[in-house]
Amino acid sequence: MLTIKNLHANINGKEILRGIDLQVNEGEIHAIMGPNGSGKSTLSAVLTGNPLFTVTEGEVIFNGKNLLELAPEDRSREGIFLSFQYPVEIPGVSMTNFMRSAINEHRKYKGFDPISASDFLKLMREKKDLVELDNKLASRSVNEGFSGGEKKRNEIFQMAMLDPKLSILDETDSGLDIDALRIVANGVNKLRTDRNACIVITHYQRLLDYIKPDIVHVLYKGRIVKTAGPELALELEERGYDWIKQEVDAQ
Amino acid sequence: MSIEQSYIELYKEHQADLKKPCSDLLNAGRDEAFARFASLGFPTTSNEDYLYTDLGPSFSVDYGLNLNRLHIPVAFRCDVPSINAYLYYVVNDSFYVTQEPPVLPEGVIICGLNEAAQKYPELVAKYYNRQAGKNKAATVALNETFVQDGFFMYVPKGVALAKPVQLVDIMRSDVDFMANSRNLVILEEGAKAQLLECAHTQDAVQFLCNRVTEVFVGENASFECYTLENTHNRTTNIGSLFVKQEASSNVLINTITLHNGLTRNNVQVDLDGPGAEVLLCGMAIGDKNQQVDNFTLINHNTHHCRSHELFKYVLDDSAIGAFVGKIYVAPGAQKTEALMTNKNLCATPTAKMKAKPQLEIYADDVKCSHGATVGQLDETALFYMRSRGISVREAKLLLKFAFTADVIENIRIDALKDRIHLLVEKRFRGELSKCAGCVICQ
């Protein structure tokens with residue numbers, strides 16, 4: 001589904017990604033772990049087309065299309081979803097208007113008519129239950145006044161509404177208590193099918209107890225330096241990142 | 001010949017025609033107003049109060065005036081229909097008597113200004129020009145020189161109007177045209193009323209509307225005044241609103257400029273009795289080369305009064321906005337609360353906003369604040385929306401619409417609030433309906 005070859009990217013002239021290679025297939029859950037500053041969030045920003053970052057080398061193919069040539073909104077419409085680490089608040093824009101606009105743009109892209117009012121409300125109700133968001137959600141402004149946990153749950157709610165092929169969860173567990181974590185992970189797991197895929201970006205092993213990865217990668221200094229099965233995450237929890245850093249720096 | 005000269009000549013040659021159809025009351029102050037106008041001349045940008053708005057070019061157009069009060073036929077449908085209201089029309093500066101005038105509660109008078117001056121001279125004389133007459137502006141003097149008619153509304157003591165009054169102002173003419181219209185609104189003690197005034201232009205000619213409105217709000221009375229401007233690009237709209245409030249009165253003013261050419265709104269509120277409160281809001285949506293200038297002055301003339309001000313502008317293309325908000329707190333006006341907020345969004349690098357809040361405070365136990373910001377659209381919010389598949393155009397629209405939300409919240413007539421939401425959204429989408437016959441603003 002997703003093939004990343006030798007991806008290099010920088011921000012303000014500072015190179016962050018130094019040659020990323022990654023292959024994600026349908027039905028797979030990949031975890032990307034790594035110490036601070038390794039480039040984890042940069043990777044998700046580059047995949048979604050954040051204009052602050054510049055790609056200097058490499059290619060990204062998503063379902064046969066050159067992803068780097070697509071505008072951010074088209075990448076979303078092609079089926080990529082990012083759950084932001086720090087979701088922004090947008091006062092005055094209601095969740096209803098926001099989601100309806102998003103869904104209709106996705107439908108238009110695929111040649112469908114806009115969603116009917118009743119279908120939309122039904123969809124909203126269904127999906128918000130998945131992440132236990134309250135009834136007043138529809139009239140609230142996007143993320144405004146949401147607690148940390150609510151913001152992350154709202155990200156998963158949006159993911160449920162948009163039904164992406166590839167979802168990227170950027171440090172979804174940061175700032176969450178155990179209960180919120182459980183709800184978020186539960187939501188993600190319920191949305192899993194053998195046709196979609198997920199990249200879970202995280203510091204800590206904890207989330208991976210709930211969202212069990214098939215493959216674990218370690219990102220360090222802008223490159224994927226180790227790839228293994230889920231047992232790698234457990235080893236990192238026990239030993240930290242130092243042993244990997246030493247291995248890589250020695251080369 | 002200076003711009004003023006043509007108006008001076010006009011008055012000298014035609015004052016007989018001008019005065020003939022009018023009541024003595026309207027004619028009484030004309031010569032003095034004319035002298036005042038002649039000595040002042042039109043304001044230029046070297047006048048501090050007109051620093052950002054040059055009215056000269058607007059006044060130098062060779063306008064026609066309807067001094068002989070010819071009836072001008074008009075067929076019109078207002079954009080704010082189905083508000084269950086008492087509906088009235090002013091065409092240019094003439095109050096139009098409709099076939100079936102609304103039935104009003106006992107004692108309430110709504111009619112043309114000239115008619116009111118003739119039928120109720122003592123009542124009108126008690127209020128007419130009491131606030132505007134003290135004003136030094138040339139445009140107000142010009143209005144007093146040429147006024148022949150307008151709108152009059154009187155609500156007696158203790159009467160509450162169950163429905164809002166809707167006044168549709170239409171500018172209609174086959175040639176470039178100027179109207180000097182005058183509104184007079186009187187609410188006695190304990191009265192309650194809501195007035196919605198919408199301004200439209202119907203023909204593809206240059207219009208100049210120079211309107212003076214005086215509102216007198218008695219003790220414990222409550223008044224809501226909504227103004228909606230939806231005129232074409234070649235219109236110059238000069239509005240001077242004077243509000244005088246007695247003790248414990250409550251006033252809400254919301255001025256929305258949806259579409260226009262050049263607009264200059266002057267608002268002066270005098271809080272003359274303790275406990276008086278005013279909420280003064282406004283919103284301007286400008287694009288292309290439109291210009292909106294709001295100049296407000298709130299005089300806290302006595303203690304324990306409250307004023308809240310909220311103005312927001314959304315400027316696109318090369319539109320220009322200006323906001324000058326003055327608050328004056330008189331000596332002894334203790335326990336004054338005066339809060340002013342002006343927030344502005346410039347959606348393009350060529351849009352310009354000039355904001356000048358001013359506080360002049362002579363009492364020491366007061367709470368006064370002013371805040372003015374000019375910003376652009378939030379890039380992080382834009383990217384967030386794009387990452388959900390929303391196009392740049394739609395995302396910008398959602399943000400602009402969100403920006404104006406709180407000004408629209410300050411509308412206490414639900415049907416009007418919903419209608420304004422819709423009109424503002426259409427305006428941002430470029431879908432705003434234009435009146436029949438208007439081809440200028442395509």
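This dialogue reads a helix, a helix pair and a chain contact in a predicted model.

Q: Where does helix 1 of chain B bend, and by about how many degrees?

A: A bend is read by comparing the axis fitted to the seven residues ending at a position with the axis fitted to the seven starting there. In helix 1 of chain B, that comparison gives about 60° at E13(B). The helix covers residues 3–19, 17 residues in total, and its span from first to last C-alpha is 23 Å, close to the 24 Å expected at 1.5 Å a residue.

Q: At what angle do helix 3 and helix 7 of chain B pack, and which residues meet there?

A: An α-helix has 3.6 residues a turn, so residues three or four places apart point the same way. Here helix 3 (residues 30–40) and helix 7 (residues 138–146) of chain B pack at about 145°, their axes lying 8 Å apart, and the crossing is left-handed. From helix 3 of chain B, R30(B), A33(B), F34(B), R36(B), F37(B) and L40(B) take part, meeting A138(B), A141(B), L142(B), E144(B) and T145(B) of helix 7 of chain B. Sorted by class, this contact has seven nonpolar, one polar and three charged residues.

Q: How many residues does each chain bring to the contact between chains A and B, and which element of chain A gives the most?

A: Residues count as being in contact when their C-beta atoms lie within 7 Å. Chain A contributes 20 residues and chain B contributes 16. On the side of chain A, the elements giving two or more residues are helix 2 (72–78), strand 7 (90–94), helix 3 (95–109) and helix 5 (148–162); helix 3 of chain A gives the most, with six residues. That side of chain A has nine nonpolar, eight polar and three charged residues.

Methods:
Residues numbered from 1 in each chain as written. Chains lettered and ligands numbered in written order. Predicted model: local features only at pLDDT ≥ 70, side-chain atom pairs only at ≥ 80, totals over all residues. Helix = DSSP H or I, 4+ residues; strand = E, 2+ residues; numbered from the N terminus. Expected span 1.5 Å × (residues − 1). Contact = placed C-beta atoms within 7 Å. Nonpolar A, V, L, I, M, F, W, Y, C, P; charged D, E, K, R; others polar. Axes fitted to C-alpha atoms, helices over the stretch in contact; angles between N-to-C directions. Left-handed = near helix turned anticlockwise from the far one by under 90°.
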